[in-house]
Structure formats: structure tokens, C-alpha cells
Amino acid sequence: MPSGASVLVLRGFYEGLEVPVDRDWMVIGRGRTADVVIAEPTISRAHAAIGWDESGFFMQDLGSTNGTRVNGVREARLGLADGDELQLGKLRLRIALPSMS
């Protein structure tokens, strides 16, 4: 997995928080077992994950109540590109990915 990927909170109480993506499966949610715990009532305990596989970085919704959107499109799983915006409930995030060249 390449280093240098991160997730930036764009809106909400945690606005400005930047979290490195330092593993190939990182769960975002409000539950204590999530890798990135964010106390936002509109997200599920284990809402979505940022993952890495042979095709690159991707977002996977984990059966959340309010769904996950990438650049405004609700998807269960979608490949990610640098600068993509994710929306989990009212939480908005931006993904920063390293150059793959």
C-alpha cells in the first residue's frame, strides 16, 4: 500500500481534522470499534471504510443507515481518486491520495 493517503474533514465539529490512511482497511464511524471514531449522530457505528487492493484505493459502505456518497453519487463500493469528496450522513470528507506514477 502506498504511503501518503489521508482523509480531511471538510464540515462539522471535526472540520480541519486530517487522518492518515495508514492501513489497507480503515473503518470510519461513530462506534468505539471504528478505526476513525467521529461523534456525528448522522453516521452509523461502522459507516464506511477506505480500503486498498490491487486496483487502488476504494470506498466501501458498510450497510450504513444514511448511505455513503462519493462526489454526490450514492454507491456501495467505488474506486477513489485524489480529491474525491465523501459524504457520510452530514459528515463531509476529502480524500488525498499519493501520485501513483
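Student: Why is the contact between the side chains of Asp35 and Arg23 called a salt bridge?

Tutor: A salt bridge needs a side-chain nitrogen of Lys or Arg within 4 Å of a carboxyl oxygen of Asp or Glu. Here the N to O distance is 3.1 Å. That is within the limit, so the name fits. Asp35 sits in the loop between S3 (25-29) and S4 (36-37), and Arg23 in the loop between S2 (18-20) and S3, so the pair ties together parts 12 residues apart in sequence.

Student: How should I read these values?

Tutor: This is a predicted model: local features need pLDDT of at least 70, side-chain atom pairs count only at pLDDT 80 or more, and totals for chains, interfaces and linings use all residues. Residues are numbered from 1 along each chain as its sequence is written, and side-chain values use heavy atoms, without hydrogens and water.

Student: How do you know whether Asp35 is buried, exposed or partly exposed?

Tutor: Check its relative accessible area, found with a 1.4 Å probe on protein chains only: under 20% is buried, over 50% exposed, and in between partly exposed. Asp35 has 37%, so Asp35 is partly exposed. Arg23, at 35%, is also partly exposed.

Student: What makes Arg77 and Asp53 a salt bridge?

Tutor: Their side chains meet at 2.8 Å, N to O. Arg77 is in strand S9 (residues 77-79) and Asp53 in strand S5 (residues 48-53), so this pair ties together parts 24 residues apart in sequence. Arg77 counts as partly exposed at 41%. Asp53, at 17%, counts as buried.

Student: Which residues do shared salt-bridge partners join into one network?

Tutor: Asp22, Arg23 and Asp35. The link from Arg23 to Asp22 is a salt bridge of 3.0 Å, N to O. The structure holds five salt bridges.

Student: How do you know what a strand is, and when two of them pair?

Tutor: Helices (H or I, at least four residues) and strands (E, at least two) are DSSP runs, numbered from the N terminus. Two strands pair if DSSP finds at least two bridges between them. S7 (residues 68-70) and S8 have two bridges, so they pair, in the antiparallel sense. One bridge partner is Arg74 in S8, facing Arg69.

Student: What makes S2 and S8 edge strands?

Tutor: Look at the open sheet first. Six strands form it, in the order S2-S1-S11-S10-S7-S8, with antiparallel pairing. S2 and S8 (73-74) each pair on one side only.

Student: How many aromatic pairs are there?

Tutor: Rings of Phe, Tyr and Trp (its six-membered ring) pair if their centres lie within 6.5 Å; planes under 30 degrees apart are stacked, over 60 edge-to-face, the rest tilted. By this rule there are two. In one of them, Trp25 and Phe58 lie 6.2 Å apart, centre to centre, with 45° between the planes, so the pair is tilted. Trp25 is in S3 and Phe58 in S6 (residues 56-61), 33 residues apart.

Student: Why is the pair of Trp52 and Phe57 called tilted?

Tutor: The centres are 4.8 Å apart and the planes make 55°. That angle is neither under 30 degrees nor over 60, so tilted is the word. Phe57 is buried at 6%.

Student: What lies over the face of Phe58?

Tutor: Arg77, at 3.6 Å from the ring centre. A charge sits over a ring if NZ of Lys or CZ of Arg is within 6 Å of the centre and within 35 degrees of the ring normal. Phe58 itself is buried, at 6% relative accessibility.
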